[in-house]
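Got the viewer open? Let's take a walk through this one together, selecting a few residues at each stop.

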Amino acid sequence: MACRISELVIDAEDPGRLAAFWCDVLGYVELAREGDGSIEIGPPGVGFGGAQPTLVFNAGRNPRLGKLPLHIDVNATDRDQDAELARLLALGALPVDIGQTGEESWHVLADPEGNEFCLLRTQLKSI
């Protein structure tokens, strides 16, 4: 028997802002909004427990910014990396310099609260 990742939980200063950003990035929808301010997003029509993990943004006063011990990697599903990079930047992602040489096959970006994530080169099939 094995486990699989069902959700990723991220502390956020503004859960609504991050939920909206990541919904646009991943094509997710809002699944639940709790009384404590947390917001869960996930694949439309599937929700929690599907093949893709959901994301939960918890309201936190001091979210950790910058490089997290765990970060998210994303891949485009319907366009090449350059087109997806342009889309992510238009959504509000910012380029981050962590000492890249320029030879990497990925781009390091940050979401609106400064959490780093990477856009990888390989185009994946959508689930």
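Is alanine 86 buried, partly exposed or exposed? Select alanine 86 and look around: with a relative accessibility of 48%, this residue counts as partly exposed, because the buried class ends at 20% and the exposed class starts over 50%. Keep in mind as you go that this is a predicted model. Alanine 86 sits in helix H2.

**Across to phenylalanine 57**

Keep alanine 86 selected and add phenylalanine 57. Along the sequence the two are 29 residues apart, and in space their C-alpha atoms are 25 Å apart. Phenylalanine 57 takes us to our next stop, since phenylalanine 57 is among the residues with the most contacts inside the largest nonpolar core.

**Into the core**

That core has 20 residues, and the ones with the most contacts inside it are Trp22, Ile41, Phe57, Leu88, Leu109 and Phe117. Try colouring the elements that supply at least two core residues each: strand S1 (7-12), helix H1 (15-26), strand S3 (39-42), strand S4 (54-59), helix H2 (81-91) and strand S8 (116-119). Which of them gives the most? H1 does, with six residues. As a general rule, nonpolar side chains in soluble globular proteins tend to be buried together.

**Tryptophan 22 and its rings**

Now select tryptophan 22. Setting aside neighbours within four places in sequence, tryptophan 22 is in contact with Gly27, Ile41, Leu55, Phe57, Ile72, Val74, Asp111 and Phe117.

Show the aromatic side chains next; the structure holds three aromatic pairs. In one of them, the rings of phenylalanine 21 and tryptophan 22 have centres 5.3 Å apart and planes at 90 degrees, so this pair is edge-to-face. Tryptophan 22 also pairs edge-to-face with phenylalanine 117, at 4.8 Å centre to centre and with 65 degrees between the planes. Since tryptophan 22 belongs to helix H1 and phenylalanine 117 to strand S8, this pair ties together parts that are 95 residues apart in sequence.

Select Phe21, Trp22 and Phe117 together and you have one aromatic cluster. Phenylalanine 21 and tryptophan 22 are buried, and phenylalanine 117 is buried too.

**A look at two cysteines**

Pick cysteine 23, which is buried at a relative accessible area of 12%. Then pick cysteine 118, also buried, with a value of 10%. How many disulfides does a search of the whole structure find? Zero.

**Threonine 54, tucked away**

Move to strand S4 and select threonine 54. Is threonine 54 buried or exposed? At 0% relative accessibility, threonine 54 counts as buried. Display the side chain of glutamate 40 as well: the two side chains make a polar contact at 2.7 Å. Leaving out residues up to four places away in sequence, threonine 54 touches Ser6, Glu7, Leu8, Tyr28, Leu31, Glu40, Ile41, Gly42, Gly47 and Phe48.

**Last stop: the S2 and S3 hairpin**

Finish by selecting strand S2 (residues 29-33) along with S3. The two run antiparallel and are joined by four bridges. Which residue of S3 is the bridge partner of glutamate 30? That is isoleucine 41, which you've already met among the core residues with the most contacts. Five residues lie between the two strands of this hairpin, where glycine 37 takes a positive phi near 95 degrees.

Terms used: Residues numbered from 1 in each chain as written. Predicted model: local features only at pLDDT ≥ 70, side-chain atom pairs only at ≥ 80, totals over all residues. Heavy atoms only, no water. Core = buried A, V, L, I, M, F, W, Y, C linked by side-chain atoms within 4.5 Å. Buried < 20%, exposed > 50% of the residue type's maximum accessible area, 1.4 Å probe, protein only. Contact = heavy atoms within 4.5 Å. Polar contact = N/O pair within 3.5 Å; in protein donor to acceptor, adjacent residues only side chain to side chain. Pairing = 2+ DSSP bridges. Phe/Tyr/Trp six-rings, centres within 6.5 Å; stacked < 30°, edge-to-face > 60°. Disulfide = S-S within 2.5 Å.
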